[in-house]
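Visitor: I would like to learn how to read the aromatic rings and the core of a protein model. Could you walk me through it?

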Amino acid sequence: MDALTITAGPFTFGARFETAAAPKTCAKFRSLLPYEGQIVHVRWSGEGVWIPLGDTDFGLGYENHTSHPAPGQFILYPGGISETEILLAYGGVQFSSKMGQLAGNHFITITDGLENLAELGKRTLWQGAQPIRFEPAR
């Protein structure tokens, strides 16, 4: 039940929920599957892409939170001093907004296709928003 397939731009990634470390965040996001959105390149954080979610309230607090996700880690910022968002690191990231440093819940990790992360990031930076879809692995 923890395995996911993520399609972002032209790439497909295998991934897993981090259920033991972030059970509430994983349960909430799992209830939204399949989930579709668009990723855009981050503005303040470094080598990452994000899904802006505005005022979306998932009813979550912090769990397994970090400001420095590793490449292939998704974090969910539940909102507060900046807008709600999901961020994927493809390189070095210090998660921030114009308000300053933030922390998000690490809840998904890419397990397959990591070699395509940098290309996804560069494509998003130079070509613009890319579609993204999360679904249970088949």
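Guide: Gladly. Let us start with burial: a residue is buried under 20% relative accessible area, exposed over 50% and partly exposed in between, using a 1.4 Å probe and protein chains only. This is a predicted model, in which local features need pLDDT of at least 70, side-chain atom pairs count only at pLDDT 80 or more, and totals for chains, interfaces and linings use all residues. Residues are numbered from 1 along each chain as its sequence is written, and side-chain values use heavy atoms, with hydrogens and water left out.

Visitor: What share of the 138 residues counts as buried?

Guide: Here 50% of them do. Both F29 and F134 are in the buried class.

Visitor: How do I describe a pair of aromatic rings?

Guide: You give the distance of the centres and the angle of the planes. Rings of Phe, Tyr and Trp (its six-membered ring) pair if their centres lie within 6.5 Å; planes under 30 degrees apart are stacked, over 60 edge-to-face, and the rest tilted. This rule yields 8 aromatic pairs. For F29 and F134, the centres are 5.0 Å apart and the planes stand at 80 degrees, so this pair is edge-to-face.

Visitor: Which parts does the pair of F29 and F134 tie together?

Guide: F29 belongs to helix α1 (residues 23-30) and F134 to strand β11 (residues 130-136), so the pair links parts 105 residues apart in sequence. Helices (H or I, at least four residues) and strands (E, at least two) are DSSP runs numbered from the N terminus. The protein has 2 helices and 11 strands.

Visitor: Which residues form one aromatic cluster with F29 and F134?

Guide: F17, Y35, F74 and F107 join them there. R30 also lies over the face of F17, at 4.4 Å from the ring centre; the rule asks for NZ of Lys or CZ of Arg within 6 Å of the ring centre and within 35 degrees of the ring normal.

Visitor: And how do I read a nonpolar core?

Guide: In soluble globular proteins, nonpolar side chains tend to be buried together. A core is a set of buried Ala, Val, Leu, Ile, Met, Phe, Trp, Tyr and Cys residues joined through side-chain atoms within 4.5 Å. The largest one has 30 residues, and F29, F74, F107, I108 and F134 have the most contacts inside it. Its largest share, 4 residues, comes from strand β2 (residues 11-17). Apart from this core lies another, of 9 residues, including V42, W50, I75 and F95.
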